[in-house]
Amino acid sequence: QVQLVESGGGLVQSGGSLRLSCVASGSIFSINTMGWYRQAPGKQREWIAAITRGGGTNEADSVKDRFTISRDDRKNTLYLQMNKLKPEDTAVYFCNADIWDTARSLRDYWGPGTQVTVSS
């Protein structure tokens, strides 16, 4: 069984910063691409950023130059450093990963999400 759990969300003022973490645990053989998504109330879930196993990154235009995605494969952990936060960044943030488990099955996993609220 593989699980993803996010942490680091909270309430922050506009212009502030937060760092989200996502820990993958369980019967993990290796982790391929990892990413962050978010979903604001009444809106569809949107992709924010992704990082490959080799460290290549890509970010959505809406967060480029403000958010930075990174990973520590020794800790099976994904990060999202969020700077210059805006009220429109308010959403539930989800971690996503393509993981090979020890039974050599590749599956797409999601965490339960962490709330980020940016006050104006």
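In what order do the elements of the protein chain run from the N terminus on? They run β-β-β-β-β-β-β-β-β-β-β. The chain has 0 helices and 11 strands; helices (H or I, at least four residues) and strands (E, at least two) are DSSP runs, numbered from the N terminus.

This is a predicted model, in which local features need pLDDT of at least 70 and side-chain atom pairs count only at pLDDT 80 or more, while totals for chains, interfaces and linings use all residues. Residues are numbered from 1 along each chain as its sequence is written, and side-chain values use heavy atoms, with hydrogens and water left out.

**Overall form**

The radius of gyration of the protein chain is 14 Å, close to the 14 Å that the globule rule gives for 120 residues, so the chain is as compact as a globular protein of that length. This radius is taken over C-alpha atoms, and the globule rule is 2.2 Å times the number of residues to the power 0.38. Along its principal axes, the C-alpha trace spans about 50 × 25 × 25 Å.

Of the 120 residues, 41% are buried. Buried means under 20% relative accessible area, exposed over 50%, and partly exposed in between (1.4 Å probe, protein chains only). Among contacts (heavy atoms within 4.5 Å) between residues at least 6 apart in sequence, 56% join residues at least 24 apart.

**The core**

A nonpolar core is a set of buried Ala, Val, Leu, Ile, Met, Phe, Trp, Tyr and Cys residues joined through side-chain atoms within 4.5 Å. The largest one here has 30 residues, and those with the most contacts inside it are Trp 36, Met 82, Tyr 93 and Ile 99. Strands that each supply at least two residues of this core include β1 (2-7), β3 (18-26), β4 (28-39) and β9 (91-101). The largest share, 5 residues, comes from β9.

**Single residues**

Ser 21 lies in strand β3. Leaving aside residues up to four places away in sequence, Ser 21 touches Val 5, Glu 6, Ser 7, Trp 36, Thr 77, Leu 78 and Tyr 79. Is Ser 21 buried or exposed? Ser 21 counts as buried, because its relative accessibility is 15%.

Two loop residues have a positive phi although neither is a glycine.

| Residue | Loop | Phi | Relative accessibility |
|---|---|---|---|
| Asp 65 | between β6 (57-59) and β7 | near 75° | 74%, exposed |
| Lys 84 | between β8 and β9 | about 50° | 56%, exposed |
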